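Work through the following exercises with the sequence and the coordinates open side by side. Each task is followed by a solution that proceeds step by step.

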Amino acid sequence: MSKDYKDIAEITAYHSLNYLKNKLNITHEFFKGWKDALIGGEEIYYVGILNGEPCLERINPLYFDYDTETSDLEFIHDAQWCVYEMKLSVTDIYDRYYDKLSEKQLNELLDLMSDSAKGGVNPEVRKTSLDYPHIKTHTINGFSTNPFEDGSNISVWHTCWQGFKKIGFVTITDPETGEPVEYVVDETYNVTGMELNVEWKWIIETYEGYRAGEDLYFGMGPIEYQFISADNPNA
């Protein structure tokens with residue numbers, strides 16, 4: 001018990017992490033991020049939920065931007081906003097975000113394939129610690145253009161930003177014990193008059209959304225499974 005005992009929650013978490021490490025090929029993703037760090041001085045990853053499953057992906061720093069005007073910002077996830085631009089085919093978009101797309105939005109997505117703009121204008125490449133546009137490049141295997149800018153692909157922007165959410169702390173009397181109990185409710189809660197106390201506060205909440213082409217918006221809303229500390233709701 002003093003040396004080898006492990007709680008069932010610890011064992012479950014350990015095996016879950018090992019499973020995700022292999023399923024998501026995390027080691028390879030870290031290798032790609034390390035290459036970005038060597039070339040451009042930036043190593044960026046996205047950790048979130050994709051189609052109801054945990055997701056970890058390396059992010060190309062060339063097509064990523066975030067709030068750099070906030071002073072003393074050390075970590076990207078503390079920024080007010082960030083955005084990542086991807087070039088995806090219609091099938092790739094549906095494969096990645098089918099749980100966020102309605103049938104009407106899917107039809108609009110199919111209409112983009114016949115749009116001469118092919119998803120809109122190309123993004124402006126963000127300036128990083130390395131001056132990519134002025135690096136001397138060479139044509140390899142007959143490629144005269146960037147294969148990433150395939151005309152059949154659609155520009156998709158994934159944006160995350162911080163906003164505010166109104167929550168209430170409602171104190172009522174437990175009918176079984178007679179002791180006061182506090183619950184956290186959202187702004188849709190209607191006061192009944194039976195409460196001992198109701199206190200409303202604003203907390204910081206992180207939101208996300210996607211845009212395909214010029215005006216197809218989907219997946220707008222709070223990020224799933226946000227951690228809220230009981231001691232400090234803004235933590």
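**Exercise 1: Strand pairing**

In this predicted model, T171 has N197 in β7 as its bridge partner. Determine which strands pair with β7, and in which direction they run.

Solution. Begin with strand β5 (residues 154-173), which runs antiparallel to strand β7 (residues 197-212) and is joined to it by 16 bridges. The pair of T171 and N197 gives one place at which to enter this ladder. Next, follow β7 to its other partner named here, strand β8 (residues 216-222), where 5 bridges join the two strands, again in an antiparallel arrangement. Within this pairing, R211 stands opposite Y217 in β8. Finally, inspect the connection: β7 and β8 form a hairpin with 3 residues between them, and G213 in the turn has a positive phi of about 70 degrees.

**Exercise 2: A surface patch**

Find the residues that form a nonpolar patch with W81, and decide how W81 should be classed by accessibility.

Solution. First locate W81, which lies in strand β4 (residues 81-88). The patch on the surface consists of W81, W161, Y217 and M220, which together have about 420 Å² of accessible area. Of these, Y217 has already appeared as the residue of β8 opposite R211. For the classification, the relative accessibility of W81 is 36%, so W81 counts as partly exposed, given that this class lies between the cut-offs of 20% and 50%.

**Exercise 3: Cysteines**

Explain why C160 and C82 are not joined by a disulfide, and state whether C55 and C160 are buried or exposed.

Solution. The closest cysteine sulfur to that of C160 belongs to C82, at 4.6 Å, which is too far for a bond, because a disulfide requires sulfur atoms within 2.5 Å. For the structure as a whole, the number of disulfides is 0. As to burial, the relative accessible area is 8% for C55, which is therefore buried, and 13% for C160, which is likewise buried.

**Exercise 4: The whole chain**

Describe the order of the secondary structure elements and the share of long-separation contacts.

Solution. Count the elements, which come to 4 helices and 8 strands, and then read them along the sequence as α-α-β-β-β-β-α-α-β-β-β-β. Among contacts with a separation of 6 or more, 61% are between residues 24 or more positions apart. Buried residues make up 30% of the 235 residues, while the protein exposes about 16,700 Å², of which carbon and sulfur atoms supply 54%.

Key: Residues numbered from 1 in each chain as written. Predicted model: local features only at pLDDT ≥ 70, side-chain atom pairs only at ≥ 80, totals over all residues. Heavy atoms only, no water. Patch = residues over 30% accessible without salt bridge, like charges linked within 9 Å, V, L, I, M, F, W, Y side chains within 5 Å. Areas by Shrake-Rupley, 256 points an atom, 1.4 Å probe, with all protein chains shown as cover. Salt bridge = Lys/Arg side-chain N within 4 Å of Asp/Glu carboxyl O. Buried < 20%, exposed > 50% of the residue type's maximum accessible area, 1.4 Å probe, protein only. Contact = heavy atoms within 4.5 Å. Pairing = 2+ DSSP bridges.
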